[in-house]
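Thanks for coming. I will go through one structure this morning, region by region, and define the terms as they come up.

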Amino acid sequence: MSDKEYKELSKKIDNGLLLAEKRMLQEKALRGESVVVCDKNNNIQHIPAQQVIAENSVFQ
C-alpha cells in the first residue's frame, strides 16, 4: 500500500468513526441519555449527550 493510499484509507476511517459517533450522540440525546467520558485527569464522568453535542461544534 502506497503512502497516498494509506492516507486516503486513514481519512475514510476517521470520517466514518466521526459520523458513527455523531449518530450515536444524536440518538442518545433524543432519548435523554448520557455518555461516559474521561476528562484530562482520567476521572470518569457521566455527561448528558445533548451537552456533549452543544459543547463540540464537530457534532453539530
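**Helix α1 and its surface**

Isoleucine 13 has a relative accessible area of 47%, so it counts as partly exposed. On the terms: buried is under 20% relative accessible area, exposed is over 50%, and partly exposed is in between, with a 1.4 Å probe and protein chains only. Before going further, this is a predicted model: local features need pLDDT of at least 70, side-chain atom pairs count only at pLDDT 80 or more, and totals for chains, interfaces and linings use all residues. Residues are numbered from 1 along each chain as its sequence is written, and side-chain values use heavy atoms, with hydrogens and water left out.

Isoleucine 13 sits in helix α1. Helices here are DSSP runs of H or I with at least four residues, strands are runs of E with at least two, and both are numbered from the N terminus. How far does α1 reach from its first C-alpha to its last? The span is 41 Å for 28 residues, close to the 40 Å expected at 1.5 Å a residue. That expected span is 1.5 Å times one less than the number of residues.

Isoleucine 13 also belongs to a nonpolar surface patch of about 570 Å², together with Met1, Tyr6, Leu9 and Leu17. A patch takes residues with over 30% relative accessible area and no salt bridge; nonpolar side chains (Val, Leu, Ile, Met, Phe, Trp, Tyr) are joined within 5 Å, and like charges within 9 Å. The areas come from the Shrake-Rupley method with a 1.4 Å probe, and for residues only the protein chains shown count as cover.

**Salt bridges**

Next, charges. Side chains of opposite charge can pair when their charged atoms come close. The term salt bridge is used for a side-chain nitrogen of Lys or Arg within 4 Å of a carboxyl oxygen of Asp or Glu. How many does the structure hold? There are three salt bridges.

One joins lysine 7 to aspartate 3, with the closest N and O atoms 3.4 Å apart. Both residues lie in α1, four residues apart, which is about one turn of the helix. Lysine 7 counts as exposed because its relative accessibility is 54%; aspartate 3, at 51%, is exposed too.

Glutamate 33 is in the loop between α1 and β1. Its side chain meets that of arginine 31 in a salt bridge of 3.2 Å, N to O. Lys28, Arg31 and Glu33 are joined into one network by salt bridges that share partners. The bridge between lysine 28 and glutamate 33 has its closest N and O atoms 3.4 Å apart. As for exposure, arginine 31 is exposed at 52%, lysine 28 is partly exposed at 21%, and glutamate 33 is partly exposed at 31%.

Leaving out residues up to four places away in sequence, glutamate 33 touches Lys28, Pro48 and Ala49. Touching, or contact, means heavy atoms within 4.5 Å.

**Two positive phi angles**

Now the backbone. Most residues other than glycine have a negative phi, and most peptide bonds are trans. Glycine 32, just after α1, has a positive phi of about 70°. Asparagine 42 is not a glycine, yet its phi is positive as well, at about 65°. Asparagine 42 lies in the loop between β1 (34-38) and β2 (44-48). Is asparagine 42 buried or exposed? With a relative accessible area of 61%, it is exposed.

**Strand β1 and the core**

Valine 37 is in strand β1. At 27% relative accessibility, valine 37 is partly exposed. Not counting residues up to four places away in sequence, valine 37 touches Asn43, Ile44, Gln45 and Ile47. Valine 37 and valine 52 are 15 residues apart in sequence, and their C-alpha atoms are 9.8 Å apart.

Last, the core. A nonpolar core is a set of buried Ala, Val, Leu, Ile, Met, Phe, Trp, Tyr and Cys residues joined through side-chain atoms within 4.5 Å. The largest one has eight residues: Leu25, Ala29, Val35, Ile47, Ala49, Val52, Ile53 and Phe59. Two elements, α1 (3-30) and α2 (49-55), give two or more residues to this core. The most come from α2, which gives three. Setting aside neighbours within four places in sequence, alanine 29 is in contact with Ala49, Gln50 and Ile53.
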